[in-house]
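These are my notebook entries on a single protein chain. I record what I looked up, entry by entry.

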Amino acid sequence: MNTEPLAKLKSDFMKKIVTVFFVGAFLALAASCGFLDGNKPGDKQPFNPEAYFREGMLANIEVQIGHIQRISALWSGQLGGYTGSYRLLYDYNITSEETNSIWLQAYPGSITLLREVRNNMQDDLLHRGIAKVMEAYVVGTLTSVFGDIPYSEILRPNVSNPKFDSQLVIYDAIQDLLDEGIADLETASPQVLDYDIYFKGNIQKWIETAHTLKARFFLHAKDYSNAFSSAQNGISSPDNSLKFYPALISGTARQNTFFEALSGAYAAQVGTRDTYLMDLLDSNASNSRNHAKTKEAARRAFLSIDEIYPSNNLGYSASDEPQGMVTYEENLLILAETAGRVQDITSGLAYLNQLRDFLDSGAAFRKVNQSDPIVYDAFTTDDFLSGGIENKDGINPLRAFLREVIEERYVSCFGSYAAFDDARRLRKSDEDVRVPFPFNKPGATAFPERFPIAQAEQSNNVNAPADPGIYAKTAVNQ
């Protein structure tokens, strides 16, 4: 068995990795995943990136659409917690041990493995470019949900206690890293990479994904002009979306992450029953978004998740259903919001109607009940005037338009952190357009703003700051 990646990481982790806890935990993870494709210690063969790439991308799936993302959806009115740990999490009861898993998947998992690719393949612009984009993706997600995190000093020789960098500094750093990755990819020679489980090495898809990530992170920072510019070069078609496709990878059957959760440790604990999201899509609910131009029955059925009988789920959480991570829909909605903000309603509406045309085609999601109508007729600017179909309460037309775009993001980007990110971004400056989901916990007066720093990091890194608690706003949302 070829085990060079595992052996090399074991040596490097003892010197470089963030905490001792992560070394043992990740080595167990690596052994179970199987680093089978590298070189043995002492071999003078060329570096083999296959295991590093594949396992780094698998770890990123857990970062983006795993347990912590589901908690963010609990806190954003999209999911309900009914029993067990998810009931506690639903009521905003979370401990720092809960985030050990995402810290593990991100630091000794995805970031470390991708750094190995970058460090060992400096002359291969395709591998180097993809690794840079992937690292920025992981780090951007971490800083969004945690705030300040270790970054500039991680994986440096003789640094066992990396400092925590400011969230604002990290956002700048990942924008620079994405620019570097794009530059590498634009001059890279084409290769087919079967172990690139996202795009098989497709250069154009990676470049577009990088631009959409830039737009996403500019949006987090409320830099709407740069978000608009970046999204113009972002994901240009549904086929170019970055999704997790459940498949057979490395001899292991991979299933939709939500299906896996309901079929395993979190059976019956979490689903969409009695949520704000389901009411929003219900034509009979008081806060329904259905009207003459929008019929949401089909999408409601697709997004409905039965927590009791996971095998009954034929939509978003079906065992083989792909899960969006960076998508065409997200890019169009960034364009719609930012064009509306930096230009006008007419400019933004063109992008929103482009999305509605895609939804109306029936190709955007699986139709669970064939009798359900799919209707997403194009809007006109009159629909957002006072008294219009999208402005019954007579607010400023631009605000009515932005409210519709944010609500559409809330639905179209289900399964990502978008709802959690938007709620925190908009609470202070744009409360009138934020999706008004209610508090979960009776008597609550504030929503969670961030996740607690992993307990393993707090226990082992002397430079870890005192955790400010989940209600402390991160720097971009002050």
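**Entry 1. N60 and its surroundings.** I began with N60, whose contacts beyond four places in sequence are S110, M134, Y137, V138, Y198 and M325. The coordinates come from a predicted model, so I read every value here as computed. N60 belongs to helix α3, residues 50–65. I then asked whether N60 is buried or exposed. Its relative accessibility is 0%, which is under the 20% cut-off, so N60 counts as buried.

**Entry 2. Y198 and the nonpolar core.** Since Y198 appeared among the contacts of N60, I looked it up next. Residues up to four places away aside, Y198 touches M57, N60, I61, M134, W206, L242 and M325. I asked which members of the largest nonpolar core touch the most other members. They are Y198 and W206, in a core of 133 residues. Helix α7, residues 125–146, gives this core its largest share, with twelve residues. I note as background that nonpolar side chains tend to be buried together in soluble globular proteins.

**Entry 3. Helices α6 and α7.** I turned to the packing of α7 against helix α6, residues 100–120. Their axes lie 9 Å apart, and the packing angle is about 155°. This angle is over 145 degrees, and α6 is therefore roughly antiparallel to α7. The crossing of α6 past α7 is left-handed. On the α6 side I listed I102, W103, A106, Y107, S110, I111, L114, R115, V117 and R118. On the α7 side the residues are H127, R128, A131, K132, M134, E135, V138, V139, L142 and F146. Sorted by class, this contact holds 13 nonpolar, two polar and five charged residues. S110, M134 and V138, which take part in this contact, are also among the residues that N60 touches.

**Entry 4. Helices α10 and α14.** For a second helix pair I took α10, residues 224–231, and α14, residues 328–342. Their axes come within 9 Å and cross at roughly 135°. That angle falls outside the ranges for parallel, antiparallel and perpendicular, so α10 is oblique to α14. The crossing of this pair is left-handed. From α10, the contact uses Y224, S225, A227, F228 and A231. From α14, it uses N331, I334, L335, E337, T338, A339, R341 and V342. I sorted these by class as eight nonpolar, three polar and two charged residues.

**Entry 5. The loop between α8 and α9.** I located L193 in the loop that joins α8 (167–186) to α9 (203–220). L193 has 2% relative accessibility and therefore counts as buried. Beyond its neighbours within four places in sequence, L193 is in contact with F53, L126, H127, I130, K200 and G201. L193 and F53 are 140 residues apart along the chain, yet their C-alpha atoms are separated by 9.8 Å. K200 is in the loop between α8 and α9 as well. Its phi is near 55°, a positive value in a residue other than glycine. At 43% relative accessibility, K200 counts as partly exposed.

**Entry 6. The loop between α5 and α6.** Y92 sits in the loop between α5 (84–90) and α6. Although Y92 is not a glycine, its phi is positive, at about 70°. With 4% relative accessibility, Y92 counts as buried. I94 is found in the loop between α5 and α6 too, and its 17% relative accessibility makes it count as buried. Where do the contacts of I94 lie, leaving out residues up to four places away in sequence? I94 touches I71, W75, L89, F451, P452 and I470. I also looked up I94 with G469: they are 375 residues apart in sequence and 9.8 Å apart in space, C-alpha to C-alpha.

**Entry 7. Helix α4.** I71, one of the residues that I94 touches, led me to α4, where I71 is buried. How many of the residues of helix α4, residues 67–74, are buried? Eight of the eight are, so α4 is largely enclosed by the rest of the structure.

**Entry 8. The whole chain.** I closed with totals for the protein. The secondary structure comes to 18 helices and ten strands. Of the 478 residues, 59% count as buried. Among contacts between residues at least 6 apart in sequence, 72% join residues at least 24 apart.

Conventions:
Residues numbered from 1 in each chain as written. Predicted model: local features only at pLDDT ≥ 70, side-chain atom pairs only at ≥ 80, totals over all residues. Heavy atoms only, no water. Axes fitted to C-alpha atoms, helices over the stretch in contact; angles between N-to-C directions. Helix = DSSP H or I, 4+ residues; strand = E, 2+ residues; numbered from the N terminus. Parallel < 35°, antiparallel > 145°, perpendicular 65-115°, else oblique. Left-handed = near helix turned anticlockwise from the far one by under 90°. Contact = heavy atoms within 4.5 Å. Nonpolar A, V, L, I, M, F, W, Y, C, P; charged D, E, K, R; others polar. Buried < 20%, exposed > 50% of the residue type's maximum accessible area, 1.4 Å probe, protein only. Core = buried A, V, L, I, M, F, W, Y, C linked by side-chain atoms within 4.5 Å.
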